[in-house]
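Subject: Structure for your review

Dear colleague,

Please find the structure below, followed by a summary of what was found in it.

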Amino acid sequence: MAAEFHPPSLSDFFPPAILFEGTPFELDRLMLVRIIMTVVLLAFFSLAMRSPKIVPRGIQNLGELALGFVKDQIADEVLGKEQGKRFLPVIATIFFAVLFLNFSGVIPFINISSNARVGMPIVLAALAYVVFNYVGIKKYGFFKYVKSSIVVPNVPIALHLLLIPIEFISTFILRPFTLTVRLMANMLAGHIMLVLFFSATQFFFFEAATGMKVFGLFSLVAGFGFTLFELLVIFLQAYVFALLTAVYIDLALHADSH
């Protein structure tokens with residue numbers, strides 16, 4: 001009987017429970033991946049900064065380079081030196097959380113990003129949403145902030161009937177929605193493509209008829225190439241998420257200059 005190829009499916013993202021099944025603390029494989037990568041992230045910066053030297057070396061140098069990138073290329077670039085320093089902790093937290101949770105998608109024997117399931121992207125988007133709205137409300141007050149965010153000055157009064165709903169949806173609904181969907185969809189698609197290539201490689205090499213084994217080489221090369229591309233996507237998603245968070249904070253700080 002000919003072997004049958006089973007392609008990846010969305011069921012990969014809803015695995016059975018591993019621990020505490022049926023309780024509020026139920027853990028499946030994706031939740032364990034989140035915990036593992038969070039521990040790795042905390043361990044990395046704990047080791048990097050536990051005994052800092054004036055001239056950094058080794059892991060401290062790597063940690064400072066990473067933080068320096070977020071500070072110089074995202075926080076300070078968008079918000080300026082003063083506000084960039086103020087909001088660096090939240091921007092760096094978002095950047096490295098997205099980066100490390102994404103990176104598990106290309107680690108052998110883990111091979112999945114927990115950001116490919118919507119829960120964590122929602123949490124990160126909610127954090128960004130709360131921060132930039134809090135900043136705006138604290139500076140201007142609730143009503144002035146909302147008015148400044150949705151009312152476009154110097155346009156005919158009749159156009160406000162059209163522009164106010166558009167600005168409201170764009171500012172207060174689409175921002176967290178697009179942050180969530182962009183991250184989840186990219187990591188979901190990346191995982192499915194990698195699983196497709198490498199499961200096809202296994203199928204052609206070990207299960208398919210002899211005449212079809214040559215196709216395993218093509219799927220292996222394609223899988224390796226897509227892994228390199230996925231590494232770029234992993235970084236870009238962290239960069240874009242943190243960058244947009246900084247942009248939204250800056251817009252909230254300058255809502256009156258809409």
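Read along the sequence, the protein chain runs β-β-α-α-α-α-α-α, that is, two strands and six helices; helices (H or I, at least four residues) and strands (E, at least two) are DSSP runs, numbered from the N terminus. This is a predicted model, in which local features need pLDDT of at least 70 and side-chain atom pairs count only at pLDDT 80 or more, while totals for chains, interfaces and linings use all residues. Residues are numbered from 1 along each chain as its sequence is written, and side-chain values use heavy atoms, with hydrogens and water left out.

The C-alpha trace of the protein chain spans about 75 × 55 × 40 Å along its principal axes. Of its 258 residues, 39% are buried (buried means under 20% relative accessible area, exposed over 50%, partly exposed in between; 1.4 Å probe, protein chains only).

Helix α2 (residues 58–103) deserves your attention. It has 46 residues, yet its end C-alpha atoms are only 21 Å apart, short of the 68 Å that a straight helix would reach at 1.5 Å a residue (the expected span is 1.5 Å times one less than the number of residues). A kink of about 125° in α2 is centred on glycine 80, the bend being the angle between axes fitted to the seven residues ending there and the seven starting there.

The largest nonpolar core (buried Ala, Val, Leu, Ile, Met, Phe, Trp, Tyr and Cys residues joined through side-chain atoms within 4.5 Å) has 57 residues, and Phe87, Ile91, Phe96 and Ile249 have the most contacts inside it. At least two residues of this core come from each of α1 (29–49), α2, α3 (119–140), α4 (142–150), α5 and α6 (214–253). Helix α2 supplies the largest share, 17 residues.

Alanine 252 lies in helix α6 and counts as buried because its relative accessibility is 2%. Its C-alpha atom is separated by 9.3 Å from that of tyrosine 140, 112 residues away along the chain.

Two asparagines have a positive phi. Asparagine 111, in the loop between α2 and α3, has phi near 55° and is partly exposed, because its relative accessible area is 35%. Asparagine 154, in the loop between α4 and α5, has phi near 60°; with a relative accessible area of 82%, asparagine 154 is exposed.

Leucine 174 is in helix α5 (residues 157–206) and is partly exposed, since its relative accessibility is 39%.

Kind regards
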